Amino acid sequence: MSAAVENIPSVEVLANGHAYHNGANGVGNGVGGDVSNGVGSVGSARAWEQQFLPPPLVLEDRPRALKIESRLSSLVLCGATLRRVGEVFQREIESGLRERPSSLQMENTYVPELPDGTEEGVFLALDLGGTNFRVLLLELRAGQLVREDVKHYHISDELRLGSGADLFNFLADCVQDFVRAEGLEHEEMSLGFTFSFPMKQHSISSGELITWTKSFKCSGMAGVDVAALLQRCLRERGLRVTVQVLLNDTTGTLVAGAHKDPEVAIGVILGTGSNGCYMERAERVQHWEARHARVRDVVVDIEWGAFGDNGCLAFLRSAFDSEVDDHSLLPASFTFEKYIGGKYLGELLCAALRGLARDALFPAPPAWGALDSAHLSLFEQENLSGAWSQTSDALRTACGAPVSRDDALVAQHVARILSNRAAQLVSVCIATILRRMGRAHAAVAVDGSVFKKHPRIRSLMDKYIALLAPHHRFTLQGAEDGSGKGSALTAAIAARVAARSP
Ligand code: BGC
C-alpha cells in the first residue's frame, strides 16, 4: 500500500484540552476504509486522532485535574505527531541502510536466512544484556529443541562498570564452570554469543561494540571485536569452544519466532532496553564485507534505541525526559530507548510525579530511583481493576508522606500516559517496518519484560499499530527465549550456509 492512499486530511485536535495541529498534506495513515481512499472526511480524521488520546483524569477537584493534565501535556502525543515520528523513522532507515548519517545503525547481521526445520547439532549459547548472564546448552534435532540446560550467573555492578577485560574473563570463567558441570570440558563445541548491545558487524561471527547501553559501561572496549575477545578468553582457559555466531537479542527473537511460525519477519525486544530487527532485501543494504551474490534477504538490526540521538526527534522531548537523561549512566545517548525501555519507565514516573509535587499538585516528591517499571505495571493493573490501595502503599513508601485516593489516581494517570506514549512510539516503529516490508501479513515476535509484564502494553500496541498501518495485517506473538534458542538456531543456520558455500 503506497503512502499516498493512506493520506488523511488536516485537522485540529484537542488532546487533554491542548490543541494539536495535524499538518496539511502529510503522509498519513487512516484507519478503516473511510479514510483510506484519500478523500476521508474531517470527521473521520478527528475520530482517528481521538483514538490516540489517553482517557481524561477524573478527580473530585476538577481544577486540580485540569492543571495536572496541562502539566503532563508534553507527554501526550497526538496521531499527527506519531505520523511525523514515522516519517522521520523511515528517512533515518533509508539513510542508515545507505551508510549516510543517521541515528539508526541499520546493522547488517549477516544472517541470510531463517530456520527451515533442518537445524541440527549441540550448541552452547551465551546471553549477555541484562543483570543476569546465562550460559545454555541446546540440542537441536531436525529443527526441534530436544535438550536445554541453562545456568544463570549474576553480573555485579563492579563488573558492569569495570574494565571490559574483567567482564570478558568473567564470561569465560562462567562458560568453563558450565561445561565442567555438564561434563563437556574437553569437547569441541560451537557457541552462539547473544550480545545485546549495538555492534558494527563484519561478519556473522565478528563485530565491535559501538556503545554500551542500559546498565553497562565497561572501559577499554573501543574498537574491540567482542567475539574475538571472548574467543581469546575461552582459549586461555583451554576450552575447545568456537564462537560461531555473534548476534543481537532481537535477531535471536526473530529467528526463534520464525522457527515456530514462518510468517514471523520482525523481531522486537521491549524489556530493559528496546530494539527491533527485520528481514530486509539484501540489495537495499549497503554494508557488506563479504560476497553476497546469492543472498536475497538479510536480517537488519535497526538499533532503534538510538533513534533521535542526532536531534531528529527533538520535538518529542519533554522536561521529564531531560531529567531522566541527566540522571542516566550514559546521558545524551539512546534517546528513544529512554522513552520506552523498562529501565527508564519507572524513572519517568518518578520525574513526572516530582514535577507535579513541585507545582503543589502532588503531596510529596518520590525519592529518585524509588519507583521502577514494576510500579508502573502495578499502577496500571490497579487502574484496570478500579483499585488503588497498592498504588497508595507504594507511593507512601516512595514519597515518605501520606497519600490519598485522589493522589493514587493521579499516579495511575501518569502511569497510563507514560504507558500510552511508550506503546505508541514502539508501534510507530513496527508500523513503519510493516509498511516498508509490504507483506500481506507479517507476524512480529516480541520478547522482553515490559511486553510480558505490563498489563496493557500488548493491547495498546495492537491498537496503535492497526491505526498507523491500517492496510497491513499483523500479529504480535510473545516470543520465548530468543536469546538462547535463537542463538543456537542461528549457529545451526550459519553452519548450514557455510556447508553450502563453494
Ligand atoms: C541495545 C540493543 C538491544 C536492546 C534490547 C538496547 O539497549 O542497544 O542492542 O537489542 O537493548 O536488549
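**Figure 1. Pairing of strands β8 and β9 in the predicted model.** Four bridges link strand β8 (residues 199-203) to strand β9 (residues 206-209), and the two strands pair in the antiparallel sense. Within this pairing, Q201 has G207 in β9 as its bridge partner. The connection from β8 to β9 is a hairpin of two residues. Strands of a sheet pair through backbone hydrogen bonds, in either a parallel or an antiparallel arrangement.

**Figure 2. The open sheet of six strands.** The strand order is β3-β13-β12-β11-β14-β15, and the pairing is mixed. The edges are formed by β3 (107-108) and β15 (473-478); each has a single partner strand, so one side of each is left without a neighbour in the sheet. At the β15 edge, the pairing with strand β14 (residues 441-447) is parallel and extends over six bridges. One of the residues involved is A445, whose bridge partner in β15 is Q477.

**Figure 3. Helix α8 against the sheet.** Helix α8 lies across five strands, namely β11 (264-270), β12, β13 (297-301), β14 and β15. Relative to β11, α8 runs at about 135°. Helix α8 (249-260) also contributes at least two residues to the shell around the ligand, as does strand β12 (274-281).

**Figure 4. Surroundings of the ligand.** The ligand is surrounded by 17 residues. The closest of them are S196, T213, I269, G273 and N275. By residue class, the shell contains ten polar, four charged and three nonpolar residues. Among the elements that supply at least two residues each are α8 and β12, both of which also appear in the previous view, where α8 lies across β12.

**Figure 5. Crossing of helices α4 and α14.** Two packed helices are described by the angle between their axes and the distance between the axes. The axes of helix α4 (residues 79-97) and helix α14 (residues 405-437) cross at roughly 50° and come within 9 Å. This angle makes α4 oblique to α14. The handedness of the crossing is right-handed.

**Figure 6. Residues at the contact of α4 with α14.** On the α4 side, the contact involves L82, V85, G86, F89 and Q90. These meet Q424, L425, V428, C429, A431 and T432 of α14. The contact residues comprise seven nonpolar and four polar, with no charged residue among them.

Terms used
Residues are numbered from 1 along each chain as its sequence is written. This is a predicted model: local features need pLDDT of at least 70, side-chain atom pairs count only at pLDDT 80 or more; totals for chains, interfaces and linings use all residues. Axes are lines fitted to C-alpha atoms, for helices over the stretch in contact, and angles run from 0 to 180 degrees between N-to-C directions. Angles under 35 degrees count as roughly parallel, over 145 as roughly antiparallel, 65 to 115 as roughly perpendicular and the rest as oblique. A crossing is left-handed if the near helix is turned anticlockwise from the far one by less than a right angle, and right-handed if clockwise. Two residues are in contact if their C-beta atoms, placed from the backbone, lie within 7 Å. Ala, Val, Leu, Ile, Met, Phe, Trp, Tyr, Cys and Pro count as nonpolar, Asp, Glu, Lys and Arg as charged, and the others, Gly among them, as polar. A residue is near a molecule or strand if its C-beta atom, placed from the backbone, lies within 6 Å of it. Two strands pair if DSSP finds at least two bridges between them.
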